[in-house]
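Colleague: Please show me the model, and then I will ask about its strands and its core.

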Amino acid sequence: MRKAITLLTALTATAASVASFATLAESPDWRYVEGGYSKMDFDDNESFEPDGFVLSSKYLLNSNIYLNGEYSNFEEGSFDFDMLTLGAGYRMPLNATTDAYFGANFERIDGDFDDETGYSVNAGVRSMVTEQVELLGEVGYYDVEDGDATFKVGANYYVTPQWAVGANYKLMDDLDVMQVTARYSF
């Protein structure tokens with residue numbers, strides 16, 4: 001957990017210091033669809049590392065309220081499971097290039113062994129540190145079966161104003177999720 005807090009602190013400090021130099025960059029885009037590869041790593045089971053795909057989207061309804069959704073499918077051998085997140089949140093611009101946000105989500109896991117529902121809440125910062133680079137830092141709480149604190153860091157590189165490639169890393173109690181994605185902003 002200390003490494004996640006250190007990563008989040010470093011990312012936030014970097015975003016804050018570089019944001020002042022990003023005079024030409026705009027606020028992060030809140031209307032996008034992205035998809036890509038995702039992998040889970042369990043701390044207590046190195047022989048079980050399911051991977052699969054992820055599809056997600058955010059849609060800004062007005063200047064502050066957004067909807068979000070994410071669907072992931074993971075497989076390992078003959079075992080597979082799906083994860084679904086549906087929610088909404090509030091975006092608050094901090095300056096011309098940086099937004100803070102707060103959200104609440106419905107969570108669902110459907111697997112070969114069991115189906116569970118729950119909720120999550122999160123708060124984070126997204127910043128366009130240059131015209132092409134967006135950084136993200138997030139903390140949250142995920143409660144499906146057992147509640148866990150979550151920490152997430154990520155980055156996107158905009159190849160064009162509409163297309164970006166990105167990566168993020170999410171840390172939970174004994175579980176890490178890594179994603180590599182392509183994003184289309186509209």
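**Strands and cores**

Modeller: A hairpin of 4 residues joins β8 to β9. This is a predicted model, where local features need pLDDT of at least 70 and side-chain atom pairs count only at pLDDT 80 or more, while totals for chains, interfaces and linings use all residues. Residues are numbered from 1 along each chain as its sequence is written, and side-chain values use heavy atoms, with hydrogens and water left out.

Colleague: How many bridges pair β8 with β9, and in which sense?

Modeller: Strands here are DSSP runs of E, at least two residues, numbered from the N terminus. Two of them pair if DSSP finds at least two bridges between them. β8 covers residues 146-158 and β9 residues 163-171. V153 stands opposite Y169 in β9. The count is 8 bridges, and the sense is antiparallel.

Colleague: Which residue in β10 stands opposite L171?

Modeller: β9 and β10 run antiparallel, joined by 9 bridges. Between them lie 3 residues, making a hairpin. The residue opposite L171 is D176.

Colleague: Which elements give two or more residues to the largest nonpolar core?

Modeller: A nonpolar core is a set of buried (under 20% relative accessible area, 1.4 Å probe, protein chains only) Ala, Val, Leu, Ile, Met, Phe, Trp, Tyr and Cys residues joined through side-chain atoms within 4.5 Å. The largest has 11 residues, including F42, M83, V144 and V177. The elements are β1 (32-42), β4 (79-93), β7 (133-144) and β10 (175-185).

Colleague: How many residues are in the second core?

Modeller: The second core is separate, and W30, L60, Y66 and Y101 are among its members. Its size is 5 residues.

Definitions and conventions:
Buried means under 20% relative accessible area, exposed over 50%, partly exposed in between (1.4 Å probe, protein chains only).
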